[in-house]
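Reader: Please show me the sequence and the structure, and then let us go through some side-chain surroundings.

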Amino acid sequence: MFYSIAEAVHADLLIKKSRFIACVEPVQDRAAALKIVARLREQHPGAAHVCWALMAGGQSAAVDDGEPSGTAGRPMLEVLRHQNLEGVLATVVRYFGGVKLGAGGLVGAYTDAVAQAVNNAHKIPIVKRSVLNCRFAYSLEGLVRREVEQAGARFLNVQHDSDVLCAIEVSEAELDHLVLRINDGAQGRVVWLAD
């Protein structure tokens, strides 16, 4: 299962005089992420690096922003993947303190900064949903309504014409079970319509 987060979370680390300011926040897509990164650059003009990692809608990114290749963005991205996060942007603003950390030290610092921020996050499960369209006789409406409610689904649209036409939104995990229960209860008299 994948998760998003409710709101932005932060962590602030001081490692060998370098300051690492981490933030993990929900985002819709890459365009939104780029705006946030640009804003951070404006807010922190004295920062040596603004590194970031993105997992959003099948789009991923790992940007080292001048750090040695693979020492910042990729480790940050791995934290997001390990936590099964989706629809999130991780950023770390680094103020260089004059002491070089080496590749291993940088990987550890960026990993720890993002991990500490994620530890403060309220994770929200991402539930994938589908829409079912169907038609049935009025006499079956009570049965369909009970099954929809029991499945935790909801009606998007209900039209009463010569039959009842409806669109039902249901989690993908419940979809097959809902169709089976309705078909069993209605003895096959519900017609499932293509989108």
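Author: Asp64, leaving aside neighbours within four places in sequence, is in contact (heavy atoms within 4.5 Å) with Cys51, Ser69, Gly70, Thr71, Ala72, Gly73 and Arg74. This is a predicted model, in which local features need pLDDT of at least 70 and side-chain atom pairs count only at pLDDT 80 or more, while totals for chains, interfaces and linings use all residues. Residues are numbered from 1 along each chain as its sequence is written, and side-chain values use heavy atoms, with hydrogens and water left out.

Reader: Which side chain of opposite charge is nearest to Asp64, and how far away is it?

Author: Lys and Arg count as positive and Asp and Glu as negative, with His and the chain ends not counted. Asp64 is buried (under 20% relative accessible area, against over 50% for exposed and partly exposed in between, with a 1.4 Å probe and protein chains only) but has no salt bridge, that is, no side-chain nitrogen of Lys or Arg within 4 Å of a carboxyl oxygen of Asp or Glu. The nearest side chain of opposite charge is that of Arg74, at 7.6 Å.

Reader: Which backbone nitrogen does the side chain of Asp64 reach?

Author: Asp64 lies in the loop between strand 5 (59-63) and helix 2 (73-82), where helices (H or I, at least four residues) and strands (E, at least two) are DSSP runs numbered from the N terminus. At 2.8 Å, the side chain of Asp64 reaches the backbone nitrogen of Gly73.

Note on methods: A polar contact is a pair of N or O atoms within 3.5 Å; within protein, one must be able to donate a hydrogen and the other to accept it, and residues adjacent in sequence count only if both atoms are side-chain atoms.
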